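Please find below a note on the aromatic rings of the model under review. The points are numbered for ease of reply.

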Amino acid sequence: MAPFFFQVNCILSANEYTKEFSEENRGHACIAYDSNQLASNSPCEDARTEGSLLNSTGLLVGVFDGHAGNSCAQVISKRLLRYIGASLLSPSTLRQCIQEGAKSNSFLKCHNDKHDFVEELRELYEQSFQKFSSDLLEKRQENFQFSMSEVLENAFLRLDEDIST
């Protein structure tokens with residue numbers, strides 16, 4: 001019976017991931033996290049991502065279900081947190097980032113991102129992100145009233161629009 005439990009444990013722990021933040025980052029909202037992913041099919045169609053916001057002490061996490069394959073879940077896991085990260089910035093910080101030519105990965109440090117987009121898609125996705133950031137800044141005034149639900153909804157809907165067009 002022991003070999004069976006060993007095999008089960010190996011399967012269950014195969015995709016465990018632990019991230020502990022170094023001492024200099026202990027002021028962040030999270031000092032460590034653990035995650036795991038157990039696929040119901042092969043290859044796994046789901047994706048997950050975790051990233052620290054670079055302009056605050058926040059941590060964003062997401063799990064994305066790949067109902068019809070892993071491509072969409074992978075794309076969403078890489079792009080959505082970037083949209084949310086930019087959306088969480090104040091108008092003045094966002095303006096400064098845009099003026100300095102910030103790329104979509106300037107707002108977030110992903111902790112388990114193993115793959116990058118192919119060059120053609122990377123350029124296309126970067127262009128849509130730059131347009132999103134500019135549009136976001138145009139809609140916001142300096143007296144912007146922060147609402148987390150609006151930030152999340154806007155990021156989700158805009159990414160959905162960007163993917164659909």
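The note addresses ring pairs, their exposure, and charges over rings.

1. Basis of the note. The model is predicted; local features require pLDDT of at least 70 and side-chain atom pairs pLDDT 80 or more, whereas totals for chains, interfaces and linings use all residues. Numbering starts from 1 along each chain as its sequence is written, and side-chain values rest on heavy atoms, with hydrogens and water left out.

2. Ring pairs. Searching the whole structure yields seven aromatic pairs (ring centres of Phe, Tyr or the six-membered ring of Trp within 6.5 Å; planes under 30 degrees apart are stacked, over 60 edge-to-face, the rest tilted). One of them joins Phe4 and Phe5, edge-to-face, at 5.7 Å centre to centre with 65° between the planes.

3. Exposure of that pair. Phe4 is partly exposed at a relative accessible area of 46%, while Phe5 is exposed at 51% (buried is under 20%, exposed over 50%, partly exposed in between; 1.4 Å probe, protein chains only).

4. A buried pair. Phe117 and Tyr125 are edge-to-face because their planes lie at 80°, with ring centres 4.7 Å apart. Phe117 is buried at 12% relative accessibility, and Tyr125 is buried at 15%.

5. Charges over these rings. Lys78 lies over the face of Phe117, 5.1 Å from the ring centre. The charged end of Arg79 sits over the Tyr125 ring, 3.9 Å from its centre (the criterion is NZ of Lys or CZ of Arg within 6 Å of the ring centre and within 35 degrees of the ring normal).

6. A cluster. Tyr83, Phe107, Phe129 and Phe132 are linked into a cluster by ring pairs.
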